Amino acid sequence: MSGVFDAEKLGRCISCGFCLPACPTYALTGDEAASPRGRITLMRALEEGRLDVTDPASLEQSSFCLGCRACEPVCPAGVEYGTLLEQWRDHQWQGAARPVLARWLMALVSRAWLLRLQGLVRGHARGKGEPRGAALLLGCVERGLYPEVSRAARELRGELAAPSGQGCCGALHAHNGDSRTGGAMAALVGARLPGVIVTTAGGCAAHLAAHLGRERVKEFSEYLAEHEVVPSGEVRVAGRRARVALQDSCHLRNALGVFAEPRALIGAVADYVELPGAAGCCGAAGTYSLLRKRDSMRVLAPKLDAIAEAEVDFVVAVNPGCLRQLRQGLKSRGSTVRAIHLAELLAMAQRDWTLSKRKGDA
Ligand code: SF4
Ligand code: SF4
């Protein structure tokens, strides 16, 4: 035994195959090696020394896996696949084996001053006061790319403090072969934001909850539901309530079990439309959409088809990576459907946002 994996966790798999239909990479390829069960077989071979770290199948499958954890809720044996994947990449993605882009991004988000500067330039939410009760996590990706999301969250919940010197939660490190640093970064965020941490990113919520405890971490829709917030107003398009779909965040749904809350909130301000496959990964998967763009687009394609068929006005995301992925995909198809974050939709409703006619309508 090499001690790469937690032996008890690795031993839980009973090879039943119930997870296969839930796995997006198995659906793409039909290849057992690209399934959760196949990957666990590779992990066991690594653990028992029957496979070397340079083995092409092990390298390829540790990278091809989206880390979406759709295999977890369907597993009768309680296999914690996400933890095993982190241990696999910790072992496999060392030194030059870690993709250069991942190394570059990890270095970037490790610098709290850089995130702070980026956020100040982009204009993220500012929250006065100390984070005594609940504080809003500003995120690393969201702070730079979508500062309007944290502004919308604070517009809706003014009680949330939003101090800028909070750093990155470390999920990016944990998912790219450095779970030790990822855990230390989560602990640091926990110390800087001592109360409840509210996040608008499903991926950050799952990572922080794993390190700080479930009680201290609330995803935004979950926070609103727990506070029994009833959203006000409505979003209207062309004289009717807007038709709005949701793309689940994999980690939020599969790791934390949060999926009813965002649906209920959307349904309170618009006509909610359930997309076929809404629970499935959109292909963003953290750095996956950058590291394996072609595979990421293959995963996204059926989702874009479903959005087009559903004739919705908006598709809502609850994670910045999914938001970026959906926006890029919709743009590539020339779609008039807008991808927005849940906080933005609710803030629009609060302002009784109305569009007199859809783009492209006569
Ligand atoms: S469902 Fe669970 S126990 Fe069954 S093969 Fe998949 S990971 Fe193993
Ligand atoms: S994490 Fe997602 S892609 Fe990876 S094995 Fe599980 S279901 Fe498949």
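Visitor: Which residues does Asn176 touch, not counting residues up to four places away in sequence?

Guide: A contact list of this kind shows which distant parts of a chain meet at one position. Please note that this is a predicted model. Here Asn176 touches Arg89, Trp93, Arg98, Ala102, Met106 and Thr287. One of these partners, Arg89, is 87 residues away in sequence, yet the two C-alpha atoms are 6.5 Å apart in space.

Visitor: Where is Asn176 placed, and why does Asn176 count as buried?

Guide: Asn176 belongs to the loop between helix 10 (171–175) and helix 11 (179–192). It counts as buried because 25 C-beta neighbours lie inside 10 Å, and the threshold for that label is 20 or more.

Visitor: Let us turn to the strands. In what order do the three strands of the open sheet lie, and in which sense do they pair, parallel or antiparallel?

Guide: To read a sheet, one follows the order of the strands and then the sense of each pairing. This open sheet has the order 1-2-3, with parallel pairing. Strand 1 (134–137) and strand 3 (217–219) are the edge strands, each pairing on one side only. Neighbouring strands are turned against each other by 30° on average, direction ignored. Strand 1 and strand 2 (residues 196–199) are joined over four bridges, and Leu136 stands opposite Val198 in strand 2.

Visitor: Which helix lies across strand 1, strand 2 and strand 3?

Guide: That is helix 12 (residues 202–212), which runs at about 165° to strand 3.

Visitor: With which strands does strand 6 pair in the parallel sense?

Guide: Strand 6 (residues 243–247) pairs in the parallel sense with strand 7 (residues 271–273) over three bridges, and with strand 8 (residues 314–317) over four bridges. Individual partners can be named: Arg243 has Asp271 as its bridge partner in strand 7, while Ala245 stands opposite Val315 in strand 8. Strand 6 is also mostly covered, with four of its five residues buried.

Visitor: How many bridges link strand 8 and strand 9, and which residue of strand 9 stands opposite Val315?

Guide: Strand 8 and strand 9 pair in the parallel sense over four bridges, and Ala339 is the residue opposite Val315.

Visitor: Which way do the residues of strand 9 point?

Guide: In a regular strand the side chains alternate between the two faces of the sheet. In strand 9 (residues 338–341), Arg338 and Ile340 point one way, Ala339 and His341 point the other way, and all are buried.

Visitor: How far does helix 18 reach from its first C-alpha to its last?

Guide: A helix may be judged by comparing its span with the expected one. Helix 18 (residues 320–332) has 13 residues and reaches 18 Å, close to the 18 Å expected at 1.5 Å a residue. Its buried residues are Pro320, Gly321, Cys322, Leu323, Arg324, Gln325, Leu326 and Gly329. Just after helix 18, Gly334 takes a positive phi of about 65°.

Visitor: Finally, which residues are closest to ligand 1 and to ligand 2?

Guide: A ligand site is read from its shell of residues and their classes. Ligand 1 is surrounded by 14 residues, the closest being Cys13, Cys16, Cys19, Cys75 and Ala77; this shell has eleven nonpolar, two polar and one charged residues. Ligand 2 is also surrounded by 14 residues, the closest being Cys23, Pro36, Cys65, Cys68 and Cys71. Helix 2 (24–29) and helix 3 (36–47) are the elements that give two or more residues to the shell around ligand 2, which divides into ten nonpolar, two polar and two charged residues.

Methods:
Residues numbered from 1 in each chain as written. Chains lettered and ligands numbered in written order. Predicted model: local features only at pLDDT ≥ 70, side-chain atom pairs only at ≥ 80, totals over all residues. Buried ≥ 20, exposed ≤ 12 C-beta atoms within 10 Å, placed from the backbone. Contact = placed C-beta atoms within 7 Å. Near = placed C-beta within 6 Å. Nonpolar A, V, L, I, M, F, W, Y, C, P; charged D, E, K, R; others polar. Expected span 1.5 Å × (residues − 1). Pairing = 2+ DSSP bridges. Axes fitted to C-alpha atoms, helices over the stretch in contact; angles between N-to-C directions.
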